[in-house]
Amino acid sequence: MDKIIDLTKELKEQISSLPVYKEFLKNKEILENNEELQRKREEIAKNLNNSKLHDQLLNEYNSHPLVVNYNTSREELNATLITIKNILN
């Protein structure tokens, strides 16, 4: 069992060193700390009952370059993790 734990830790370290992983973390931090986007998320949450305005705000949010970069890096990381999973299977 120790060998499995060691191999799992090694895999985690290898994944953590991948550029796609680092890019995802960078984009995530930027997204979470951007004041403009924080205000936009609050505005979206406040307008849940007004579907037209909610949809408009959500589209604006999702079109923001920082959100697009985050989503792209998340999809790239997910594809990499799926590839790793398939190799392990």
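Select asparagine 47 in this predicted model. Asparagine 47 is buried, because its relative accessible area is 18% and the limit for that class is under 20%. The residue lies in the loop that links helix H3, residues 35-46, to helix H4, residues 51-63. Display its surroundings next: apart from neighbours within four places in sequence, asparagine 47 is in contact with Leu53, His54 and Leu57.

**The pair H3 and H4**

Now select residues 35-46 and 51-63, the helices on either side of that loop. How close do the axes of H3 and H4 come, and at what angle do they cross? The two axes come within 9 Å and cross at roughly 160°. H3 and H4 are therefore roughly antiparallel to each other, as angles over 145 degrees are counted in that way. The crossing is left-handed.

Show the side chains at this contact. From H3, select Leu37, Lys40, Arg41, Glu43 and Ile44; from H4, select His54, Leu57, Leu58, Glu60 and Tyr61, which they meet. By class, the residues of this contact comprise five nonpolar, one polar and four charged. Two of the H4 residues here, His54 and Leu57, have already appeared on the tour, since they are also contacts of asparagine 47.

**Asparagine 62**

Move along H4 to asparagine 62, which is found in that helix. Is asparagine 62 buried or partly exposed? Asparagine 62 is partly exposed, with a relative accessible area of 35%. Leaving out residues up to four places away in sequence, asparagine 62 touches Val67 and Val68. For a distance across the model, pick the C-alpha atoms of asparagine 62 and lysine 26: these residues are 18 Å apart in space and 36 residues apart in sequence.

**The pair H4 and H5**

Add helix H5, residues 65-88, to the selection. The axes of H4 and H5 come within 5 Å and cross at roughly 65°. That angle makes H4 roughly perpendicular to H5, because the range for this class runs from 65 to 115 degrees.

Which residues bring H4 and H5 together? Tyr61, Asn62 and Ser63 in H4 meet Pro65, Val67 and Val68 in H5. The residues of this contact divide into four nonpolar and two polar, with no charged residue.

**Final view**

End the tour on Tyr61 of H4. This residue takes part in the contact with H3, and Tyr61 also takes part in the contact with H5.

Conventions. Residues are numbered from 1 along each chain as its sequence is written. This is a predicted model: local features need pLDDT of at least 70, side-chain atom pairs count only at pLDDT 80 or more; totals for chains, interfaces and linings use all residues. Side-chain values use heavy atoms; hydrogens and water are left out. Helices (H or I, at least four residues) and strands (E, at least two) are DSSP runs, numbered from the N terminus. Buried means under 20% relative accessible area, exposed over 50%, partly exposed in between (1.4 Å probe, protein chains only). Contact means heavy atoms within 4.5 Å. Axes are lines fitted to C-alpha atoms, for helices over the stretch in contact, and angles run from 0 to 180 degrees between N-to-C directions. Angles under 35 degrees count as roughly parallel, over 145 as roughly antiparallel, 65 to 115 as roughly perpendicular and the rest as oblique. A crossing is left-handed if the near helix is turned anticlockwise from the far one by less than a right angle, and right-handed if clockwise. Ala, Val, Leu, Ile, Met, Phe, Trp, Tyr, Cys and Pro count as nonpolar, Asp, Glu, Lys and Arg as charged, and the others, Gly among them, as polar.
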